[in-house]
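I opened the notebook to look up how a protein holds its ligand. My entries follow in the order I made them.

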Amino acid sequence: MVQATPFLLVLFLALGAHGASVKKCSLIGRWVNDLGSNMTITTVNANGVFAGSYHTAVTATMNEIRLSPLQGALQRTNQKGQPTFGFTVNWSFSDSITVFTGQCFVDDDGKEILKTMWLLRSRVESIKNDWKATRVGINVFTRMQ
Ligand code: BTN
């Protein structure tokens, strides 16, 4: 029994640490990215379909920035935590559309981080300009306090 106690303690701590890495990563809430853009995810349904709004800090246009709707899907096939997701922002102030894909991670401090890549498709006047219509980049989101 004396020898079993340290073993059980280590097992308990290991399970606790594992639990910490899988417990969070709910997309619901307010997020800010490395550009200063804000995103609010208001609903995630049982199938992982979610919706919210996006306020970008930057634009490729000369237009006045306005709040824009987003719709996405959270991968729910497994329950291993740190899920992948994708969402589309349909810009309400420009002719463009952006798709994001990413994964929700929990770091060593238990902080949630959304690592994403995006494609921003701008409208061009003719097919000759198609080659310059798509931008690509990464954004990292953290939860707003
Ligand atoms: C536009 O300029 O036509 C719409 C706004 C695009 C904003 C882009 S989307 C990818 C990147 N991440 C952001 O938070 N904003 C920019």
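Which atom of A60 lies 2.7 Å from an oxygen atom of the ligand? I looked it up: the atom is a backbone N or O. I noted that this is a predicted model.

Next I checked the confidence. The pLDDT averages 89 for the protein, and 84% of the residues reach at least 70. I marked residues 7-16 separately, since their pLDDT stays under 50. For this stretch I found zero contacts beyond four places in sequence.

Then I went back to the ligand. I listed 16 residues around it, and the closest are S37, Y54, T59, A60 and N139. For S37, I noted a side-chain N or O atom 2.6 Å from an oxygen atom of the ligand. S94 also has an entry: a polar atom of its side chain is 2.8 Å from a ligand oxygen. I looked up the area next: the ligand alone exposes 410 Å², of which the protein buries 97%.

I sorted the shell around the ligand by residue type and wrote down seven nonpolar, nine polar and no charged residues. My last entry is on the site: the ligand takes up the space of the largest pocket.

How values were computed:
Residues are numbered from 1 along each chain as its sequence is written. This is a predicted model: local features need pLDDT of at least 70, side-chain atom pairs count only at pLDDT 80 or more; totals for chains, interfaces and linings use all residues. Side-chain values use heavy atoms; hydrogens and water are left out. pLDDT is the predictor's confidence in each residue, from 0 to 100. Contact means heavy atoms within 4.5 Å. A residue is near a molecule or strand if one of its heavy atoms lies within 4 Å of it. A polar contact is a pair of N or O atoms within 3.5 Å; within protein, one must be able to donate a hydrogen and the other to accept it, and residues adjacent in sequence count only if both atoms are side-chain atoms. Accessible areas come from the Shrake-Rupley method with a 1.4 Å probe; for residues, only the protein chains shown count as cover. On a 1 Å grid over the protein atoms alone, a cavity is a set of points where a 1.4 Å probe fits but cannot get out, and a pocket is an open set with protein on both sides within 12 Å along at least five of seven lines; lining residues have an atom within 4 Å of a point. A molecule sits in a cavity or pocket if more than half of its atoms lie within 2 Å of its grid points. Ala, Val, Leu, Ile, Met, Phe, Trp, Tyr, Cys and Pro count as nonpolar, Asp, Glu, Lys and Arg as charged, and the others, Gly among them, as polar.
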